[in-house]
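Subject: The structure I promised, with some notes

Hi there,

Here is the structure I wanted to pass on to you. Have a look at it first, and then read on for what turned up.

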Amino acid sequence: RLASNNGFPGGKVDIPIVLGGGFGAVSGVQLDLMFDGLTFANPVCTLHPGQAGRTFDTSFPSEPPAPFGYDVLRMIIHDEGGSTAVNDGPIATCRFDVLADATPGTYPIVADRVQVINAEARPLPYTASAGTISIAALT
């Protein structure tokens with residue numbers, strides 16, 4: 001689940017990413033965060049301290065191409081040996097710069113191309129929910 005948060009033009013906003021219902025069976029998660037590239041920039045994601053010891057990587061994939069006006073950040077978290085589960089709860093936080101000329105409004109942050117696997121690298125069922133960033137006008 002992607003959380004929601006609020007921000008202002010020229011500021012920064014954090015979006016926590018939370019895993020729920022894994023019940024100790026999840027060994028890896030991959031997801032693409034799709035966001036409005038005309039409003040937000042420079043996303044930097046950090047692994048939550050409760051997930052210490054797991055491999056965590058981010059990249060900006062060019063394939064498949066994002067829809068016009070959107071950018072994609074890919075995040076992968078897993079245990080190299082596959083023996084330690086990814087804990088339920090917060091797994092990472094992504095911080096976005098809000099562009100100074102951002103138009104006030106509510107913007108979706110979408111989890112796309114999600115893959116959740118167990119220790120045998122078999123897919124697990126999941127439900128991904130989008131988050132939002134609400135940008136308020138500067139007064």
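In which strand is Arg-74 found? The answer is strand E6, which covers residues 70-78. Please keep in mind that this is a predicted model.

**Arg-74 and its partners**

Arg-74 is a good place to begin. This residue is buried, because its relative accessible area is 15% and the cut-off for buried is under 20%. Its side chain meets that of Asp-32 in a salt bridge, with 2.6 Å from N to O. The two partners come from distant parts of the chain: Arg-74 sits in strand E6 and Asp-32 in strand E3, 42 residues apart. Both Arg-74 and Asp-32 are buried.

Asp-32 has a second partner as well, since a salt bridge also links its side chain to that of Arg-113, at 3.9 Å from N to O. Here strand E3 supplies Asp-32 and strand E8 supplies Arg-113, so the pair ties together parts that lie 81 residues apart in sequence. Asp-32 is buried with a relative accessible area of 3%, whereas Arg-113 counts as partly exposed at 45%. Through shared partners, the salt bridges join Asp-32, Arg-74 and Arg-113 into one network.

Setting aside neighbours within four places in sequence, Arg-74 is in contact with a list of residues that includes Gln-30, Leu-31, Asp-57, Glu-63, Pro-64 and Arg-113.

**Unusual backbone spots**

Some of those contacts are worth a second look for their backbone. As background, most residues other than glycine have a negative phi, and most peptide bonds are trans. Glu-63 and Pro-64, however, are joined by a cis peptide bond, with omega at about -10°. Pro-64 has its place in the loop between strand E5 (55-59) and E6.

Arg-113, the network member in strand E8, has a positive phi, near 50°. Ala-121 also has a positive phi, in this case near 65°. You will find Ala-121 in the loop between E8 and strand E9 (131-135). Ala-121 counts as exposed, because its relative accessibility is 54% and the cut-off for exposed is over 50%.

**Another salt bridge**

How many salt bridges are there by the rule used here? The count comes to four. One of them is formed by Asp-97 and Lys-12, whose closest N and O atoms are 2.5 Å apart. This pair, too, links distant parts of the chain: Asp-97 belongs to strand E7 (residues 89-98) and Lys-12 to strand E2, 85 residues apart. Is each partner buried or exposed? Asp-97 counts as buried at 19% relative accessibility, while Lys-12 is exposed at 53%.

**A charged residue without a salt bridge**

Asp-36 lies in strand E3, which spans residues 28-36. What is the nearest side chain of opposite charge to Asp-36? It is that of Lys-12, 17 Å away, and Asp-36 is buried with no salt bridge. The side chain of Asp-36 does reach backbone nitrogens: that of Leu-38 at 2.7 Å and that of Thr-39 at 3.1 Å. Apart from neighbours within four places in sequence, Asp-36 is in contact with Gly-69, Tyr-70 and Tyr-107.

**Phe-8 in its loop**

Phe-8 is found in the loop between strand E1 (5-7) and E2. With a relative accessible area of 47%, Phe-8 is partly exposed. Which residues does Phe-8 touch, leaving aside neighbours within four places in sequence? Phe-8 is in contact with Val-98, Ile-135, Ala-136, Ala-137 and Leu-138. From C-alpha to C-alpha, Phe-8 and Pro-104 are 8.0 Å apart in space, although 96 residues separate them in sequence.

**The largest pocket**

Finally, there is the empty space. The largest pocket holds about 320 Å³. It is lined by 21 residues, and the closest to its centre are Leu-19, Gly-20, Val-116, Tyr-126 and Thr-127. Strand E2 (12-19), E3 and strand E8 (105-117) are the elements that give two or more residues to the lining.

If you would like a place to start in the viewer, try Asp-32, which joins Arg-74 and Arg-113 in one network.

Best wishes

Technical notes
Residues are numbered from 1 along each chain as its sequence is written. This is a predicted model: local features need pLDDT of at least 70, side-chain atom pairs count only at pLDDT 80 or more; totals for chains, interfaces and linings use all residues. Side-chain values use heavy atoms; hydrogens and water are left out. Helices (H or I, at least four residues) and strands (E, at least two) are DSSP runs, numbered from the N terminus. Buried means under 20% relative accessible area, exposed over 50%, partly exposed in between (1.4 Å probe, protein chains only). Lys and Arg count as positive and Asp and Glu as negative; His and the chain ends are not counted. A polar contact is a pair of N or O atoms within 3.5 Å; within protein, one must be able to donate a hydrogen and the other to accept it, and residues adjacent in sequence count only if both atoms are side-chain atoms. Contact means heavy atoms within 4.5 Å. On a 1 Å grid over the protein atoms alone, a cavity is a set of points where a 1.4 Å probe fits but cannot get out, and a pocket is an open set with protein on both sides within 12 Å along at least five of seven lines; lining residues have an atom within 4 Å of a point. Grid points are joined across faces, edges and corners, and a volume is the space filled by probe spheres set on the points.
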